[in-house]
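The exercises below are to be worked through with the sequence and the model open side by side. Each task is followed by a solution in steps.

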Amino acid sequence: MEFIPAKTILQKFTHGDNWFGADYNMNLYKGCSHGCIYCDSRSDCYQVENFDTVRAKKDELQILEKELQTKRKKGVIGIGAMSDTYNPFEKQYEITRNALKLINRYGFGVSLETKSDLIVRDIDIFKEINRLQNVILKLTITASDDDLSKIIEPNVCRSSERLKAMKQLADAGLFVGTLLTPIIPFITDTEENVKQIIRLSYENGAKFVWSMGGVTLRENQRTYFYNQLDKHFNGLKDKYIKTFGNHYICNSPNKNIAIIFKEECQKYGLLYKMEDIVKSYKNTNEKVKQLKLFS
Ligand code: SF4
């Protein structure tokens, strides 16, 4: 793996109030090799060259430690927005694991999303952080069918393995849920798929299911997505062009999906609104802290 220079690791999260209540954001790796056909991070606007090649940042743990030491405001650190931090190199290099240890040492919380079951390796550290800080973990699941998940997210474990990881995290007492996002028009936007994912999430200990809706398409990423459609879904590219033209956000024409999503989450008692999810995982921790205070 190549190591590239970096000046900073931690950034103030400008969407902190919305994106799962994170105050800071960091990407420990540049690029991602999971190969998701819909990946927004490969869009031109982010200027990540050779997106599919994972690179780490030189001396990043030392840089991160200095930044954590000097931040006046503690808070939740988001990991995994632009690159899945549990990539195939992480098993050997343990950069994420060591960053989590630093997060714990300096009293910060963590909000992490991944598609990899390697996340369970770090349950011990998440539990440590969760004793006094806020922890929220998200497994992205877009297709209940394993074969379909292997087509649309080819280089990472299948949905069923992610659900097993979810169960392990939930059994460890961690606040975990599903990112059902994106819902890909004409591919995963069936009522059956949405219902199955919500049911399976519930059965595997999810506290929430959150969805942003449709797929986003813009420069560079649109080309990649269309090439993948040509490869795996015969005739679908033309349907996309006809239905969405050059639109950035492409939502499912099936208007029932949003209604079903809400009804199914309610049926299983799963949170689905961002503000409720944030309030819940932060309150859960508050209770723990208060109990500690009075014990
Ligand atoms: S895991 Fe995320 S960052 Fe990686 S390819 Fe998939 S969508 Fe992109």
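The model is predicted. Pro182 is placed in the loop between strand E9 (176-179) and helix H7 (191-203).

**Exercise 1. The loop before H7**

Task: Determine which form, cis or trans, the peptide bond from Thr181 to Pro182 takes.

Solution. Step 1: locate Pro182 in the loop that links E9 and H7. Step 2: read omega for the bond from Thr181 to Pro182; the value is near 5°. Step 3: the bond is therefore assigned as cis, as omega lies near 5°.

**Exercise 2. Order of the sheet**

Task: Give the strand order of the open sheet of seven strands, and state which strands lie at its edges.

Solution. Step 1: the order across the sheet is E2-E3-E6-E7-E8-E9-E10, and the pairing is mixed. Step 2: strand E2 (11-12) and strand E10 (208-210) each pair on one side only, and these are the edge strands. Step 3: take two of the pairings inside the sheet. Strand E3 (residues 24-26) runs parallel to strand E6 (residues 76-79), and three bridges join them. Within this pair, Met26 has Ile79 of E6 as its bridge partner. E7 and E8 are also parallel, with five bridges; there, Ser111 stands opposite Ile136 in E8.

**Exercise 3. Burial of E8**

Task: Find how many residues of strand E8 (residues 135-140) are buried, and which way each one points.

Solution. Step 1: apply the cut-off, under 20% relative accessible area for a buried residue. Six of the six residues of E8 are buried. Step 2: sort them by direction. Val135, Leu137 and Leu139 point one way, while Ile136, Lys138 and Thr140 point the other way. Step 3: compare with the general rule. In a regular strand, side chains alternate between the two faces of the sheet. Step 4: both sets in E8 are buried, Lys138 included.

**Exercise 4. The cavity**

Task: State how many cavities of 30 Å³ or more the structure holds, and describe the lining of the largest cavity.

Solution. Step 1: there is one cavity of 30 Å³ or more. Step 2: the largest cavity encloses about 40 Å³ of space. Step 3: its lining consists of Phe13, Trp19, Asn25, Gly78, Ile79, Gly80, Ala81, Ser111, Glu113 and Lys138. Step 4: assign the lining to elements. E6 and strand E7 (109-114) each contribute at least two residues. Step 5: sort by class, which gives four nonpolar, four polar and two charged residues. Step 6: link this to the earlier exercises. Ile79, the bridge partner of Met26, is part of the lining, and so is Lys138, a buried residue of E8.

**Exercise 5. The pockets and the ligand**

Task: Work out where the ligand sits and which residues surround it.

Solution. Step 1: the ligand sits in the largest pocket, whose volume is about 1,400 Å³. Step 2: E2, strand E4 (29-30), E7 and strand E11 (215-216) are the elements that give two or more residues to the lining of this pocket. Step 3: the lining has 50 residues, and Asp40, Ser41, Gly80, Ala81 and Met82 lie nearest the centre of the pocket. By class the lining has 23 nonpolar, 18 polar and nine charged residues. Step 4: around the ligand itself are Cys32, His34, Gly35, Cys36, Cys39, Met82, Ser83, Asp84 and Lys115. This shell divides into four nonpolar, three polar and two charged residues. Step 5: turn to the second largest pocket, with a volume of about 240 Å³. Its lining has five nonpolar, six polar and one charged residues; among them are Ile183, Asn251, Lys255 and Tyr272.

**Exercise 6. Positive phi**

Task: For Gln47 and Asp59, give phi and decide whether each residue is buried, partly exposed or exposed.

Solution. Step 1: Gln47 has a positive phi of about 55° and is not a glycine. Gln47 lies in the loop between E4 and strand E5 (55-57). Step 2: the relative accessibility of Gln47 is 67%, so Gln47 counts as exposed. Step 3: Asp59 also has a positive phi of about 55° without being a glycine, and it is placed in the loop between E5 and helix H1 (60-70). Step 4: with a relative accessible area of 43%, Asp59 is partly exposed.

Definitions and conventions. Residues are numbered from 1 along each chain as its sequence is written. This is a predicted model: local features need pLDDT of at least 70, side-chain atom pairs count only at pLDDT 80 or more; totals for chains, interfaces and linings use all residues. Side-chain values use heavy atoms; hydrogens and water are left out. Two strands pair if DSSP finds at least two bridges between them. Helices (H or I, at least four residues) and strands (E, at least two) are DSSP runs, numbered from the N terminus. On a 1 Å grid over the protein atoms alone, a cavity is a set of points where a 1.4 Å probe fits but cannot get out, and a pocket is an open set with protein on both sides within 12 Å along at least five of seven lines; lining residues have an atom within 4 Å of a point. Grid points are joined across faces, edges and corners, and a volume is the space filled by probe spheres set on the points. Ala, Val, Leu, Ile, Met, Phe, Trp, Tyr, Cys and Pro count as nonpolar, Asp, Glu, Lys and Arg as charged, and the others, Gly among them, as polar. A residue is near a molecule or strand if one of its heavy atoms lies within 4 Å of it. A molecule sits in a cavity or pocket if more than half of its atoms lie within 2 Å of its grid points. Buried means under 20% relative accessible area, exposed over 50%, partly exposed in between (1.4 Å probe, protein chains only).
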